[in-house]
Amino acid sequence: MAGNGLPTLGRVKLVDLIPSEGVPSDSYKLSVSTLSQSLAQYSAAIIQFPVNNGALMRSCLESSCLYFHHKPSFPSADSIHPDDSREWCKTSGYRADPQMWQEIYDFRPGLTPTELGNEIEIPPAGLVDLFALLGKASRDILDAISFYLNLRSSPFTEVLDNVPLRNREISSCSIGAQHHNLTTQEDGSLVMFSDHDSQVDRTLLTLVKSDKAGLHIRDFHGHWVLVDADLGPQEAIVYPGLALYQATAGYINPAMHRTDISNLQGGMHGRCSVAFKLMPKSMTSLNCSEMRAAGHGVEAQFQLPVPVDDFMQRSTDQLLNRNSFATFNFPASQEGSIKPMMRRKKNNLRCKPLPPSKRLRLEAQRVLKERVQDIADKKGIKLRFCTLKECESHIHSLDSPCANIRMEIGWPPGVPFVHPHDLPNKAKIGFLETYEPGWSETNEIE
């Protein structure tokens with residue numbers, strides 16, 4: 001990985017992620033590296049499809065917009081489907097969420113709307129072809145993530161659908177055309193999404209293509225990043241879900257995302273998008289045996305296999321084990337992130353203040369022990385620090401000895417991978433801010 005981190009979302013060509021026999025090529029290793037670091041920093045990446053696929057994506061989006069435009073101004077009560085986690089693998093056809101002013105058409109091979117008692121309805125043009133394109137791409141991306149984690153080839157085959165589906169099989173994966181419409185309430189105020197509308201998918205991976213920007217994903221530091229503002233016609237966003245988080249023992253964090261429709265004023269059809277969801281099969285279990293076989297540490301919450309149907313019915317808080325997860329991926333706002341220990345130290349007026357350099361050194365040692373070492377232990381990583389002199393070149397190299405460890409434990413970009421007490425004071429502050437966001441605001445250092 002690049003020691004300085006990625007300044008923006010990683011952009012990877014799909015063709016470079018397709019594995020081949022023998023020794024991996026330099027382009028494959030570089031693409032896997034960019035993909036993995038982008039997922040670690042931004043919980044998302046941009047996938048570039050071959051140029052000729054752009055026409056299919058555009059056609060599918062246009063037909064989806066027209067499909068929803070010819071629907072009633074808002075769906076009737078008969079078309080509203082309850083959000084039932086037990087029916088997650090049976091969604092097909094048109095449905096709506098009136099609270100979010102969102103309409104969806106799901107296409108799921110092997111299951112037609114007529115089997116669910118609905119009238120037969122032809123899906124938006126191109127949706128079937130796009131399902132095949134994005135389905136193949138998602139498996140290639142999943143294999144690239146497996147390569148990064150040093151797992152065997154295609155380790156998730158047992159939990160994925162057969163290709164092609166066998167007789168009478170229903171796909172666990174689906175592709176959905178989604179429509180967000182900007183509307184007004186009775187008082188004339190605009191309806192738009194906010195923080196409480198954020199969600200985490202229960203997928204292995206999700207691939208999304210939209211006609212207008214608006215998808216925000218929370219990055220490693222808790223900031224909302226607009227990820228689809230600069231997409232080419234043949235580019236799509238990929239982000240991981242809870243199923244991949246579970247199957248990799250927490251090594252690949254799921255994306256928390258939301259859709260902002262406040263910029264759709266003047267648009268005739270609102271915002272349309274298509275999203276492919278790579279899902280595990282319902283009659284299988286998610287387990288971390290492949291992670292253990294590769295030598296990764298697996299903490300207690302991931303030790304036992306979890307049946308997929310049970311997994312889908314558990315709350316998000318249960319699956320994420322919020323007590324340990326929120327600190328690193330979804331931190332609270334800066335105002336609420338003050339640590340009790342930091343409060344005690346700041347308010348302890350009986351002690352004579354330490355010199356700034358000594359205080360920084362002690363704080364860095366504390367955070368190393370309480371935060372960094374804990375992350376390393378959970379991931380089965382043995383910390384071997386470089387010397388300051390040798391790491392000055394490491395942080396600018398793609399294949400440095402410490403690159404993978406730095407990425408795994410979330411080491412701050414641009415900071416040499418040395419024992420924290422050996423870092424210059426400015427680098428120490430960057431180190432502390434990375435693992436305890438808001439540290440500078442609660443600790444006055446002259």
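This text goes through the predicted model from the whole chain to its cores, a helix pair and some backbone details.

The chain has 446 residues, and 50% of them are buried. Its secondary structure consists of 14 helices and 14 strands. Among the contacts with a separation of 6 or more, 74% join residues that lie 24 or more positions apart.

The interior can be followed through its nonpolar cores. The largest nonpolar core holds 71 residues, and the members that touch the most others are Leu35, Ile47, Phe49, Ile141 and Ile145. Helix 3 supplies the largest share of this core, with 11 residues. Ile145 shows what such a position contacts beyond its neighbours within four places in sequence: Leu35, Leu39, Leu205, Leu244 and Ile252. A further core lies apart from this one; it has 24 residues, including Val367, Ile375, Trp411 and Val415.

Helix 13 and its partners come next. Helix 13 spans residues 425-435, and its buried residues are Ala427, Lys428, Phe431, Leu432, Thr434 and Tyr435. Viewed down the helix axis, these buried residues of helix 13 fall within an arc of 160°, and therefore they line one face of the helix. They pack against helix 10 (356-378) and helix 14 (439-442).

Two packed helices are described by the angle between their axes and by the distance between those axes. For helix 10 and helix 13 the angle is about 40° and the axes are 10 Å apart. The crossing of the two helices is left-handed. On the side of helix 10, the contact involves Ser357, Leu360, Arg361, Glu363, Ala364, Val367, Leu368, Arg371, Val372 and Ile375. Helix 13 meets them with Asn425, Lys428, Ile429, Phe431, Leu432 and Tyr435. By residue class, the contact of helix 10 with helix 13 divides into 10 nonpolar, 2 polar and 4 charged residues. Val367 and Ile375 of helix 10 take part in this contact, and both are also among the members of the 24-residue core.

The next stop is the end of helix 1 and the loop after it. Gln41 is placed in helix 1. Its relative accessibility is 18%, so Gln41 counts as buried, the limit being under 20%. Leaving out residues up to four places away in sequence, Gln41 touches Gly5, Leu6, Asp219 and Phe220. Ser43 belongs to the loop between helix 1 (26-42) and strand 2 (45-48).

Some backbone details remain. Most residues other than glycine have a negative phi, and most peptide bonds are trans. Ser43 has a positive phi of about 60°, although it is not a glycine. Asn150, also not a glycine, has a positive phi of about 65°. What sets the surroundings of these residues is given by their accessibility: Ser43, at 1% relative accessibility, counts as buried, whereas Asn150 is exposed, with a relative accessible area of 58%. Asn150 lies in the loop between helix 3 and strand 5. Pro164 is found in the loop between helix 3 (127-148) and strand 5 (174-180). The peptide bond that leads from Val163 to Pro164 is cis, with omega near -5°.

Terms used
Residues numbered from 1 in each chain as written. Predicted model: local features only at pLDDT ≥ 70, side-chain atom pairs only at ≥ 80, totals over all residues. Heavy atoms only, no water. Helix = DSSP H or I, 4+ residues; strand = E, 2+ residues; numbered from the N terminus. Buried < 20%, exposed > 50% of the residue type's maximum accessible area, 1.4 Å probe, protein only. Core = buried A, V, L, I, M, F, W, Y, C linked by side-chain atoms within 4.5 Å. Contact = heavy atoms within 4.5 Å. Arc of directions from axis to C-beta. Axes fitted to C-alpha atoms, helices over the stretch in contact; angles between N-to-C directions. Left-handed = near helix turned anticlockwise from the far one by under 90°. Nonpolar A, V, L, I, M, F, W, Y, C, P; charged D, E, K, R; others polar.
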